[in-house]
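This briefing introduces one protein chain and the ligand that accompanies it. Please keep the structure in view while reading the points below.

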Amino acid sequence: MNIALIAHDMKKDMMIHFVTAYENILKNHKLFATGTTGKRIMEATELKVHRFQSGPLGGDQQIGAEIANNRMDVVIFLRDPLTPQPHEPDIQALIRLCDVRMIPVATNIATAEILIRSLERGDLQWRNYVKKN
Ligand SMILES: O=C(CO)COP(=O)(O)O
């Protein structure tokens, strides 16, 4: 499965804890991330991550394009709801596209935990059928 990992600055440490805790699951998938999130993940783990631009420089839009092309299967986006972001429209667009394409998306750590365990259990296998057809 193709998994997008994105975290705002205030949530980056939490993302590192998450990917470290679930490295054994994540290593079996293709990982994508916005620039700084991807850099942090690769520094902290053995995981290989395809990095797009940093979020404020267009990374959210690049991941959005992957979603629009139905190439992203899971999105874990640890958003910071308490800090204004200069690229808020890009963030909204990315999340909107998840709803358009019915892509499982977690925007906080509690849902991210549920999603990763679902992935491990095989609950998201339907994505393979959707992509084929
Ligand atoms: O801003 C982001 C998502 O909206 C994240 O971007 P970085 O991973 O480059 O910090």
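In what follows, Ala, Val, Leu, Ile, Met, Phe, Trp, Tyr, Cys and Pro count as nonpolar, Asp, Glu, Lys and Arg as charged, and the others, Gly among them, as polar. On that basis, the residues of the shell around the ligand divide into three nonpolar, eight polar and one charged. The model discussed here is predicted.

**The annotated domain**
- The UniProt record, an unreviewed entry, places the feature "domain: MGS-like" at residues 1-133.
- Over residues 1-133, helix makes up 51% of the chain and strand 15%.
- The C-alpha atoms at the two ends of this stretch are 16 Å apart.

**The shell around the ligand**
- The residues that surround the ligand are Ile6, His8, Thr34, Gly35, Thr36, Thr37, Ser54, Gly55, Pro56, Gly59, Asp60 and Ile91.
- Two elements, α3 (35-44) and α4, give two or more residues to this shell.
- The element that gives the most is α3, with three residues.

**The nonpolar core**
- The largest nonpolar core has 33 residues, and the members that touch the most others are Ala4, Leu5, Val75 and Ile76.
- Two or more residues of this core come from each of the strands β1 (2-7), β2 (30-33), β4 (74-78) and β5 (105-106).
- The helices α1 (12-21), α4 (59-68), α5 (88-101) and α6 (109-121) likewise each give two or more residues to the core.
- Neighbours within four places in sequence aside, Ala4 is in contact with Phe32, Ala33, Ile63, Met72, Val75 and Ile76.

**Helix α4**
- The buried residues in α4 are Gly59, Asp60, Ile63, Gly64, Glu66 and Ile67.
- Seen down the axis of α4, these buried residues fall within an arc of 155°, so they line one face of the helix.
- The buried residues of α4 pack against β1, β2, α3 and α5.
- Two of them, Gly59 and Asp60, also belong to the residues surrounding the ligand.
- After α4 comes Asn70, which has a positive phi, near 60°.

**Val100, an exposed position**
- Val100 lies in helix α5.
- Is Val100 buried or exposed? A residue is exposed if 12 or fewer other C-beta atoms lie within 10 Å of its own. Val100 has 10 C-beta neighbours inside 10 Å, and therefore it counts as exposed.
- Val100 and Ile6 are 94 residues apart along the chain, and their C-alpha atoms are separated by 19 Å.

Conventions:
Residues are numbered from 1 along each chain as its sequence is written. This is a predicted model: local features need pLDDT of at least 70, side-chain atom pairs count only at pLDDT 80 or more; totals for chains, interfaces and linings use all residues. UniProt positions are given in the numbering used here, feature names are shortened, and annotations may be inferred rather than shown by experiment. Helices (H or I, at least four residues) and strands (E, at least two) are DSSP runs, numbered from the N terminus. A nonpolar core is a set of buried Ala, Val, Leu, Ile, Met, Phe, Trp, Tyr and Cys residues joined through C-beta atoms within 7 Å. A residue is buried if 20 or more other C-beta atoms lie within 10 Å of its own, exposed if 12 or fewer, and partly exposed in between; C-beta atoms are placed from the backbone. Two residues are in contact if their C-beta atoms, placed from the backbone, lie within 7 Å. A residue is near a molecule or strand if its C-beta atom, placed from the backbone, lies within 6 Å of it. The arc is that of the directions from the helix axis to the C-beta atoms.
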